Amino acid sequence: WLMQKEIQQLKNDKRLPFSLASAFGWGMAAHGYMFLDNSLSHDSLREFHAQILGNNIKMGSGRIFTSLYRDLLGSDVTLPWLTGLLALIWIGLAVYLTARIFRVESKGILCLIAGIFATNIAVSATTATYIHDLDSYMFSLACAVTAAWLWREWKWGWLPGAVFAAGSMGIYQGYLFVTVTLVMFSCILRLYRGETFREVFRDGLKAVGMLLLGG
């Protein structure tokens, strides 16, 4: 029933295509040259050989799902245009779910959120130097936002949210703090809008449990 409800919501929600379009607009304006060119720098030089060594490094640093992600959606050879396409799709979905978390309806605000997600220094630096990892990192970002959205949207959403938190940390641990920040902002706004401290505090504990379970 929940899945049917969510599918119906996606069909009728115009924020999803607008979020994707905004992410692509900002992303191509900021990074289009790198997506459509073959400028090499730093670790991008690894695209000339198989990722066996790189995968071993990922496993050793706890990024255990990176190889699985690449097997499903990537390849051993970096294709900048494909990396960019996937990265902007994940960013667009993250923007949409952020809008759902904070009940954002304004297209102007959505466009600004997309600009923050697509052109911040972390994305720019990754595109410039680690472009072979860009799409997997943005997938980690989308998983981090999804975890916060599930926690916010459904009473027991923190349980499936733990799966997405684990997926995010299993690709790039740094985006754990995106989940933490979204949860904190959500709690602050709920208190500001008059919800009881006990209710917000209880949900905050669920978020902590979600992250611990994901870890």
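This is a chat about the helices, one loop and the cysteines of a predicted model.

Biologist: Okay, what is the secondary structure of the protein made of?
Modeller: Keep in mind that this is a predicted model. The protein has eleven helices and zero strands. Reading from the N terminus, the elements go α-α-α-α-α-α-α-α-α-α-α.

Biologist: How much of the protein is buried?
Modeller: Of the 215 residues, 46% are buried.

Biologist: And what share of the contacts comes from residues 24 or more positions apart?
Modeller: Taking contacts with a separation of 6 or more, 78% are between residues 24 or more positions apart.

Biologist: Let's do some packing. How do H8 and H10 sit against each other, at what angle?
Modeller: H8 covers residues 131-153 and H10 covers residues 176-192; they pack at about 30°, with the axes 8 Å apart. An angle under 35 degrees counts as roughly parallel, so H8 and H10 are roughly parallel to each other. Their crossing is right-handed.

Biologist: Which residues make that contact?
Modeller: H8 brings Leu141, Ala144, Val145, Ala147, Ala148, Trp151 and Arg152. From H10 you get Val178, Thr179, Leu182, Val183, Ser186, Cys187 and Arg190.

Biologist: What classes do the residues between H8 and H10 fall into?
Modeller: Ten are nonpolar, two are polar and two are charged.

Biologist: Cys187 caught my eye there. Is it buried or exposed?
Modeller: Cys187 has a relative accessible area of 12%. The cut-off for buried is under 20%, so Cys187 counts as buried.

Biologist: What about Cys111, then: how accessible is that one?
Modeller: Cys111 comes out at 27% relative accessibility, so it counts as partly exposed.

Biologist: And how many disulfides are there?
Modeller: The count is zero. The rule asks for a pair of cysteine sulfur atoms within 2.5 Å.

Biologist: Back to helices. How do H9 and H11 cross?
Modeller: H9 is residues 158-169 and H11 is residues 197-214, and their axes come within 7 Å and cross at roughly 45°. That angle makes H9 oblique to H11. The crossing of H9 and H11 is right-handed.

Biologist: Which side chains or backbones meet there, I mean which residues?
Modeller: On the H9 side they are Trp158, Leu159, Gly161, Ala162, Ala165, Ala166 and Met169. On the H11 side they are Lys206, Gly209, Met210, Leu211, Leu213 and Gly214. By class, the contact of H9 with H11 has nine nonpolar, three polar and one charged residues.

Biologist: Switching to loops: where is Val104?
Modeller: Val104 is in the loop between H5 (80-101) and H6 (107-119).

Biologist: Is Val104 buried or exposed?
Modeller: Val104 is buried, because its relative accessibility is 14%.

Biologist: So what is Val104 in contact with?
Modeller: Setting aside neighbours within four places in sequence, Val104 is in contact with Arg15, Ala99, Ile109, Leu110 and Ile113. Arg15 is 89 residues away from Val104 along the chain, yet their C-alpha atoms are separated by 9.1 Å.

Biologist: What is the phi of Arg103?
Modeller: Phi of Arg103 is near 55°, which is a positive value in a residue other than glycine. Arg103 is placed in the loop between H5 and H6.

Biologist: And how accessible is Arg103?
Modeller: Arg103 has 41% relative accessibility, so it counts as partly exposed, whereas Val104 counts as buried.

Note on methods:
Residues are numbered from 1 along each chain as its sequence is written. This is a predicted model: local features need pLDDT of at least 70, side-chain atom pairs count only at pLDDT 80 or more; totals for chains, interfaces and linings use all residues. Side-chain values use heavy atoms; hydrogens and water are left out. Buried means under 20% relative accessible area, exposed over 50%, partly exposed in between (1.4 Å probe, protein chains only). Axes are lines fitted to C-alpha atoms, for helices over the stretch in contact, and angles run from 0 to 180 degrees between N-to-C directions. Helices (H or I, at least four residues) and strands (E, at least two) are DSSP runs, numbered from the N terminus. Angles under 35 degrees count as roughly parallel, over 145 as roughly antiparallel, 65 to 115 as roughly perpendicular and the rest as oblique. A crossing is left-handed if the near helix is turned anticlockwise from the far one by less than a right angle, and right-handed if clockwise. Contact means heavy atoms within 4.5 Å. Ala, Val, Leu, Ile, Met, Phe, Trp, Tyr, Cys and Pro count as nonpolar, Asp, Glu, Lys and Arg as charged, and the others, Gly among them, as polar.
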